[in-house]
Every structure is written in structure tokens, then in C-alpha cells.
Amino acid sequence: MLVGSLPLDRLAARAVPLAAEAPAAAVFDAADVVYAAWELAGVDRTVLFPPALHPTSPTLLTLTGAVATGGGLGLLRLSCRHGARARALLVGAVAWGSGTAVAEAFGCGADDGEIVVEGRTLQVRSAGGPDVTVALGPGADGERVLGPHDVQYVTGLHPVVLPERGVRLLQVEVHADTGPATALRPDVEAFVWPGLPAGVAPVHPVGATLAHGRLELPRPRFVARPDVLAHLGSEPLSA
Amino acid sequence: MRFGIFFELSVPRPLSRANEQEVYANALEQAAVADELGFDTIWAVEHHFLEEYSHCSAPELFLTAVALRTARIRVGHGAVVCVPAMNHPVRVAERAAVLDILSGGRLELGTARSSTWTELGGFGADPDLTKVWWDEYVRILPRMWTEERFSFAGRSCTVPERNVVPKPVQQPHPPMWVTVTSPGTELDAADRGLGCLGVAAVSFAEQERRTAAYHERVAHCEPVGGVVNSNVTTQNFLYCHEDLERAAAVGGGMAAIFNLTNSHLLWTREAYPTAAYRSLGNQATKAAKEAGAPGERAPLPEGLTVGDPERILTELRRWEAIGVDGVNFIVNTCEVIPQQDVLDSMRLFAREVMPAFRPAVTAARHSAAGV
């Protein structure tokens with residue numbers, strides 16, 4: 001199977017130092033929970049991931065976000081595997097209001113910006129940073145209503161620097177407790193996101209959902225060494 | 001109990017043309033040996049774009065090659081993907097009939113709806129419609145095989161009145177199956193009088209539950225075809241060696257590689273929000289979660305038909321006891337086991353294990369094959 005080939009020093013350059021090993025859980029209540037996915041194209045998938053991770057085929061670029069009254073957080077991630085488990089590697093983030101503190105605590109390296117959902121238009125706005133406009137349209141069979149458990153929010157990984165362990169991939173679960181979700185098609189009208197790895201851009205739309213409810217990032221329980229495979233490099237965090 | 005060989009035609013990296021050709025050649029040799037040894041069926045999957053995991057994208061051609069090299073063993077689609085963008089229903093009926101003719105009436109037709117985004121997305125197929133399409137396919141295939149004037153208007157196709165030719169050898173038509181991965185599909189199979197072609201790794205308890213539910217329901221089915229197939233098969237791995245420890249290392253390793261490559265597939269449910277797919281593939285990830293600490297050498301899990309003949313016999317008796325009619329074996333993955341070792345494993349199984357299930361027939365066949 002394919003194994004990532006991203007040089008570790010380039011991964012380390014993206015790693016944000018964390019003051020504590022595991023940040024406290026973060027919750028966005030009464031939030032619009034958004035998800036959108038696209039396929040990449042024209043990029044060697046292995047160079048996007050460190051050796052601990054495996055690219056999927058195809059590799060998906062996903063945007064998962066919580067838009068709450070007091071703030072929110074948007075995570076731009078690439079689908080992958082850590083061992084046998086489905087994961088998503090963080091390559092970009094935006095945060096605003098209450099979400100800014102969450103992003104800092106989790107070491108997301110987020111840009112100051114926000115996700116805005118107006119009707120069936122999703123935007124990522126910032127000053128000098130990400131600038132994204134997505135038209136959320138009906139699929140081939142129109143808009144579909146899904147049960148809350150029909151949407152998968154994949155656990156994420158992103159590089160951090162821990163006080164005693166050094167560079168690690170922090171495993172961040174994403175738990176959503178929402179009402180029904182509306183399934184849509186994400187057609188990109190504009191996409192600018194500075195700092196992404198070369199070739200990372202949404203090409204082929206896969207699907208999107210809008211839901212409303214609670215999005216939680218639980219207290220992380222595991223980190224992974226980025227240089228070795230999962231069965232050799234998974235480490236529990238102190239309780 | 002019937003025994004089959006289940007081919008994914010997985011190719012190790014590098015994905016060279018030479019590697020692909022070797023995989024196909026080895027599989028054809030394994031099929032020929034299986035025929036001599038008394039195995040019942042050769043099954044071949046249909047997958048597209050699944051690098052490394054399966055390069056079996058034209059199973060009708062592979063199965064035809066098997067049929068022309070063998071005399072007795074049945075050839076099974078495990079399974080035809082019932083998605084119009086991949087296979088128009090008329091083409092499925094036509095190819096199946098031709099294969100049934102070329103094989104002398106040995107075709108088993110499994111049906112499926114695909115479960116990876118890689119494949120469905122690659123053909124631009126709407127995952128939300130796959131179940132509707134599958135239901136139409138299994139209802140109209142028997143009609144195309146038996147009616148001289150066939151017409152249909154549905155979501156999978158619109159066909160004005162035509163005679164789909166040729167007709168198959170088997171009367172009224174080849175036995176039909178559906179691949180069972182997600183819980184509940186066995187009930188869909190039962191309602192329609194289709195056999196259960198299990199392709200998921202499930203526990204004894206779960207298989208027993210599904211089999212019991214299936215048999216209770218199929219007794220009251222409204223068959224989609226002219227004949228009810230009420231058989232339940234399950235999938236497993238086979239590596240048989242006199243040395244249990246070696247068998248565990250080699251066969252267990254093969255199963256682990258399969259489970260790992262399977263877990264790396266991009267399942268529809270993971271990528272595309274939908275209610276049409278309830279589970280993540282064939283539960284390889286669940287098996288991994290139930291393992292011990294990373295790096296720990298785990299004992300052979302219950303139900304796995306890897307080991308010395310005695311262990312394999314014991315496990316097969318347990319599957320038989322819960323009502324499984326047949327077990328289809330994966331005998332290699334990504335060629336991690338040398339071809340000669342695969343063939344030796346098959347021969348040892350046929351000599352030491354198979355007779356326990358079909359003594360008279362097996363003995364005669366082995367005598368003829370010089371086993």
C-alpha cells in the first residue's frame with residue numbers, strides 16, 4: 001500500500017507548539033455544522049502525508065466546520081488512513097470568535113477568518129487569507145434529507161509540538177449531535193487558500209451537508225509519531 | 001458443505017504489467033488445480049480502479065478463461081455490479097448467458113451494488129440509487145433469460161420490446177445470489193429468493209443470527225426468478241500447512257494484508273453523505289479494533305480457516321453447525337504467499353479436510369487427480 005513521503009522537516013514547520021499535552025474538550029452549541037468534500041486531481045498523493053499515514057484513492061479534500069453565534073471553526077483536511085483507521089490530515093483552518101481560543105488550544109494554526117452560510121452559499125472569508133465561495137446545489141435527485149448518523153465526521157490528525165515528545169500528530173475526534181442533515185452538491189465558484197501544499201485544491205465535487213446542532217472536539221486521547229507506521233507509533237496521552 | 005475459491009486478483013506494488021500478468025496466470029493455475037481437487041466454485045469479484053486491492057475489472061473474461069480450462073468446477077460472479085454506468089442490465093444478461101453456454105451450464109450469478117466511492121464516483125454513479133437499481137436488475141435478469149419478448153421501463157434502464165439472446169443453458173436460468181456485507185442485506189436476499197454470498201468478516205454469532213433470519217424469511221419469499229436459491233455462503237481465508245505455527249504466520253499474515261488493504265479503500269459512506277450505505281465496507285476496521293496492542297502477535301481468531309488440517313476442520317465444523325452451506329476461500333493476497341505454497345495448501349486441504357465433508361465424492365476425484 002502507499003505510504004506518505006512528506007519530509008518530516010516540512011511537517012514540523014507546520015507544527016504548532018502546545019502548552020499542555022492535551023487540550024480540554026471544545027464544544028460549539030447550537031451551531032450550523034457544515035461538511036463538504038471534493039476530490040483532488042493532478043497531484044502525487046504520497047507527498048501530502050508523512051510516513052505514518054497512507055493516502056486514500058482518490059484523496060478527498062474536505063471542509064468541516066461549526067458556525068455558532070459566538071464564533072466557530074473550519075477545518076480543511078485530506079482523507080487518509082493511519083493504520084487501518086480512517087483519518088483526515090489537517091492542511092488549513094479558519095477560526096473566529098470563540099473558535100479562536102479552541103484553535104489555539106488544539107494547535108490548529110488557524111487563519112483569522114470565518115465560515116458564512118447564507119442560504120445555499122457557503123463562504124470562507126478572511127482578510128488576506130482563505131477566500132472560498134461554494135454553491136450548495138441539489139444533487140441529481142434534488143436536495144436530500146439525511147439522518148444525523150448518515151454523515152461521517154472523520155477523526156483528524158495535525159502536527160503539533162508537545163512539551164516532552166516533540167513533533168507528533170494530534171488525533172482530534174469530531175463528534176456531532178445534530179438534527180437531520182440536508183445533502184447537497186458543493187460546486188466551487190472561487191477557491192483561494194494560501195499556504196496549502198502544492199496541488200491541493202477542490203476539483204471534483206463529492207458531496208456536502210448542512211445540519212444544525214452540537215459539534216464537539218473531545219479531549220484528545222492519542223498522538224502518533226509521524227515517522228513510523230501506526231502499529232509502531234501510536235501513543236496514549238496522559239488522562 | 002461446498003468450498004469455493006474467491007478471487008480478488010490483488011496485485012502487489014509496483015503495479016507493473018508484469019505483476020498483473022503474473023497474478024492472472026497464478027489465479028488461472030489455482031482455478032485449474034481447484035477443479036482437479038474437487039472444489040465446487042471459482043468466484044471472481046468485479047472491482048474498478050482499486051489499485052492493489054483488486055485488479056479484477058472484467059470478471060466475465062476471467063471466468064470464461066477459467067471455464068475453458070476446467071471441466072467441472074462452477075464459475076461464479078462474485079459479483080456483477082448492478083450499476084447502469086458500469087453494466088447495462090441487458091449486457092449483464094447477455095454476457096451471463098454466453099458464459100453459461102461456454103461453461104456448459106456452470107454459471108452462478110452473484111449481484112452487488114458496489115460500496116466504494118472510488119468506483120461509484122469513478123463512473124459518476126449516484127450512490128443513493130444503487131439499491132433501487134440492484135432491485136430492478138435482479139427482477140429483470142430472469143425475465144431477459146426466459147422471455148422471448150422482454151420490455152422494461154425503470155430507473156436503471158428503458159428497453160422497448162426485444163428478445164435478449166442468447167438464452168442460458170441452465171433452466172430456467174443460472175442460480176442468483178447477492179453479496180452480503182451490511183446487516184440487513186440477507187433479508188433483502190431472502191425476500192427475493194436469492195442466495196447469500198457473504199463477503200464480510202463476521203463472527204460466528206453474527207453469522208448465525210443472519211443465517212437464521214435468512215432461512216426464516218426465505219421460506220416466505222416472493223422469488224424474483226424462476227428458481228429459489230436458499231443457500232448461505234461465507235467468505236474466509238485458507239492456508240493449510242502441517243505446521244500450525246507456520247500456517248498461522250503465513251496465513252495470518254495474508255489475512256492481515258487483506259484486511260489492511262481493504263481498510264484503505266475509500267468507502268462510499270465515508271466520502272459521500274448518504275443513507276444508502278449503513279456500514280463501512282466489510283468490517284476489516286472492526287477486526288483491527290478488536291486486536292490487541294499495536295505490534296502484539298495475536299492468536300488466530302476464531303472462525304479463521306488458517307492452520308493445520310485439524311484446526312481448519314474444527315473451524316469449518318463450527319461454520320457448518322450454524323447453517324452455512326458453503327465457504328469461499330481467499331487463498332492469497334498481493335502474492336504474499338508463493339504460488340507453490342498456495343497450491344500445496346490447497347492440495348493438503350483437499351486431502352485432509354475436504355473428505356470429512358464429502359467422503360465418497362472426494363475420494364473418487366482425488367484418485368482421478370492423483371492427489
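Helices (H or I, at least four residues) and strands (E, at least two) are DSSP runs, numbered from the N terminus. These names are used throughout the report below.

## Basis and confidence

This is a predicted model, in which local features need pLDDT of at least 70 and side-chain atom pairs count only at pLDDT 80 or more, while totals for chains, interfaces and linings use all residues. Residues are numbered from 1 along each chain as its sequence is written, chains are lettered from A and ligands numbered from 1 in the order in which they are written, and side-chain values use heavy atoms, with hydrogens and water left out.

The predictor assigns the complex an ipTM of 0.95 and a pTM of 0.94. Confidence in each residue is expressed as pLDDT, the predictor's own value from 0 to 100. In chain B the mean pLDDT is 92, and 91% of the residues reach 70 or more. Over residues 282-295 of chain B, however, pLDDT stays under 50. For that stretch the model has 23 contacts beyond four places in sequence, a contact being heavy atoms within 4.5 Å.

## The barrel of chain B

Strands of a sheet pair through backbone hydrogen bonds, either parallel or antiparallel. In chain B, eight strands form a closed barrel in the order β1-β2-β3-β4-β7-β8-β9-β12, with parallel pairing; two strands pair if DSSP finds at least two bridges between them. From one strand to the next, the twist averages 30 degrees. Within chain B, strand β8 (residues 195-198) and strand β9 (residues 232-237) pair in the parallel sense over two bridges. Leu197(B) stands opposite Thr233(B) in β9(B).

Helices lie against these strands. Helix α3 (residues 89-102) of chain B lies across β3 (74-81) and β4 (107-112) of chain B, and runs at about 155 degrees to β4(B). Axes are lines fitted to C-alpha atoms, for helices over the stretch in contact, and angles run from 0 to 180 degrees between N-to-C directions. Helix α7 (residues 204-218) of chain B packs on the sheet and touches β7 (176-180), β8 and β9 of chain B, its direction making about 160 degrees with that of β9(B).

## Nonpolar cores

A nonpolar core is a set of buried Ala, Val, Leu, Ile, Met, Phe, Trp, Tyr and Cys residues joined through side-chain atoms within 4.5 Å. Buried means under 20% relative accessible area, exposed over 50%, and partly exposed in between (1.4 Å probe, protein chains only). The largest such core has 107 residues, and those with the most contacts inside it are Phe39(B) and Phe349(B). Helix α5 (residues 130-146) of chain B gives the most to this core, with eight residues. Leaving aside neighbours within four places in sequence, Phe39(B) is in contact with residues including Phe3(B), Ile73(B), Leu238(B), Phe329(B) and Phe349(B). A second, separate core of 40 residues includes Leu18(A), Val33(A), Leu60(A) and Val223(A).

## Salt bridges

A salt bridge is a side-chain nitrogen of Lys or Arg within 4 Å of a carboxyl oxygen of Asp or Glu. By this rule the count comes to 36 over all chains. Three of them are listed here.

| Salt bridge | Closest N and O atoms |
|---|---|
| Arg165(A) and Glu21(A) | 2.5 Å |
| Glu270(B) and Arg81(A) | 2.6 Å |
| Arg143(B) and Glu147(B) | 2.9 Å |

The salt bridge of Arg165(A) with Glu21(A) links distant parts of the chain, 144 residues apart. Arg165(A) is in the loop between β11 (156-162) and β12 (166-172) of chain A, and Glu21(A) in the loop between β1 (16-17) and β2 (26-39) of chain A. Arg165(A) is partly exposed, with a relative accessible area of 24%.

Glu270(B) lies in helix α9 (residues 268-271) of chain B and Arg81(A) in strand β5 (residues 71-82) of chain A, so this pair joins two chains. Both Glu270(B) and Arg81(A) are buried.

In the third pair, Arg143(B) is partly exposed at a relative accessible area of 26%, and Glu147(B) is likewise partly exposed at 24% relative accessibility. Salt bridges that share partners join Glu21(A), Arg165(A), Arg168(A) and Glu235(A) into one network.

## Backbone features

A cis peptide bond joins Ser57(A) and Pro58(A), with omega about -5 degrees; Pro58(A) is in the loop between β3 (54-55) and β4 (60-68) of chain A. Another cis peptide bond joins Val165(B) and Pro166(B), with omega about 0 degrees.

Although not a glycine, Ser114(B) has a positive phi of about 70 degrees. Ser114(B) is found in the loop between β4 and α4 (117-122) of chain B and counts as buried at 11% relative accessibility.
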